[in-house]
Amino acid sequence: MLGDDVWRDWAATIANTIRVTATWKGGLVNWRAWLMPNTTAPMLMQFCHGAPGFVICLAGMPGPELDDLLLAAGESTWLAGPLRKGSNLCHGTAGTATPS
């Protein structure tokens, strides 16, 4: 949908944002739920907050710019294992529907 020049600029901006907001620890990577100065945001491992969502949403990004981050994020997700509070992607997504 975007021209090559426009997409190239967006892809560089996306890659830079993802890289500078990543938190590395011992070869693993995750992202905070929110970025605020002088605040310790939680490090969650869910689709909506953290590495699983980054891997899924950015897997189709063309080029190798994020490969190291996405591989480390995948490893982080694998080592974290399933959510303790349920098997859904995020916050019990499958159970939030209200019967009509």
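User: I would like to start with one residue: what relative accessible area does Phe54 have, and how should I read that value?

Analyst: Phe54 has a relative accessible area of 22%, so it is partly exposed, where buried means under 20%, exposed means over 50% and partly exposed lies in between, with a 1.4 Å probe and the protein chains only. Please keep in mind that this is a predicted model, in which local features need pLDDT of at least 70 and side-chain atom pairs count only at pLDDT 80 or more, whereas totals for chains, interfaces and linings use all residues. Residues are numbered from 1 along each chain as its sequence is written, and side-chain values use heavy atoms, with hydrogens and water left out.

User: Before we go further, how many helices and strands are there in the chain?

Analyst: Helices (DSSP runs of H or I, at least four residues) and strands (runs of E, at least two) are numbered from the N terminus. Here the chain has 3 helices and 2 strands, and reading along the sequence gives the pattern α-β-β-α-α. Of its 100 residues, 24% count as buried.

User: How should I read an aromatic pair, and what is the count here?

Analyst: Rings of Phe, Tyr and Trp (its six-membered ring) pair if their centres lie within 6.5 Å, and planes under 30 degrees apart count as stacked, over 60 as edge-to-face and the rest as tilted. By this rule the count is 1 aromatic pair. The ring centres of Trp31 and Phe54 are 4.0 Å apart and their planes are at 5 degrees, so this pair is stacked. Because Trp31 lies in strand S2 (residues 28-31) and Phe54 in helix H2 (residues 51-58), the pair ties together parts that are 23 residues apart in sequence. Phe54 is partly exposed, whereas Trp31 is buried, with a relative accessible area of 1%.

User: Which residues does Trp31 touch?

Analyst: Contact means heavy atoms within 4.5 Å. Leaving out residues up to four places away in sequence, Trp31 touches several residues, including Ile18, Met43, Phe54, Leu69 and Ala73.

User: Which residues touch the most other members of the largest nonpolar core?

Analyst: A nonpolar core is a set of buried Ala, Val, Leu, Ile, Met, Phe, Trp, Tyr and Cys residues joined through side-chain atoms within 4.5 Å. The largest one has 14 residues, of which Ile18, Val29, Trp31, Leu58, Leu66 and Leu69 touch the most other members. Two or more residues of this core come from each of H1, S2, H2 and helix H3 (67-80), and H3 gives the largest share, 4 residues. As for H2, its buried residues are Ala51, Pro52, Gly53 and Leu58, and they pack against H1, S2 and H3.

User: How do I recognise a salt bridge, and how many does a search of the whole structure find?

Analyst: Side chains of opposite charge can pair when their charged atoms come close. The rule asks for a side-chain nitrogen of Lys or Arg within 4 Å of a carboxyl oxygen of Asp or Glu, and the search finds 2 salt bridges. One joins the side chains of Asp5 and Arg8 at 2.3 Å, N to O; both residues lie in helix H1, 3 residues apart, about one turn of the helix. Asp5 is exposed, with a relative accessible area of 53%. Arg19 forms a salt bridge with Asp68, with their closest N and O atoms 2.9 Å apart. That pair links distant parts of the chain, since Arg19 is in helix H1 and Asp68 in helix H3, 49 residues apart. Arg19 is partly exposed at 34% relative accessibility, and Asp68 is partly exposed at 37%.

User: Which residues make the nonpolar surface patch?

Analyst: Patches are made of residues with over 30% relative accessible area and no salt bridge, with like charges joined within 9 Å and nonpolar side chains (Val, Leu, Ile, Met, Phe, Trp, Tyr) within 5 Å; accessible areas come from the Shrake-Rupley method with a 1.4 Å probe, and for residues only the protein chains shown count as cover. Here Met1, Leu2, Val6, Trp7 and Trp10 make a patch of about 630 Å². Trp10 is in helix H1 (residues 4-21) and is partly exposed at 48% relative accessibility. Leu2 lies in the segment before H1, is partly exposed at 45%, and is in contact with Trp7 and Trp10 when its neighbours within four places in sequence are left aside.
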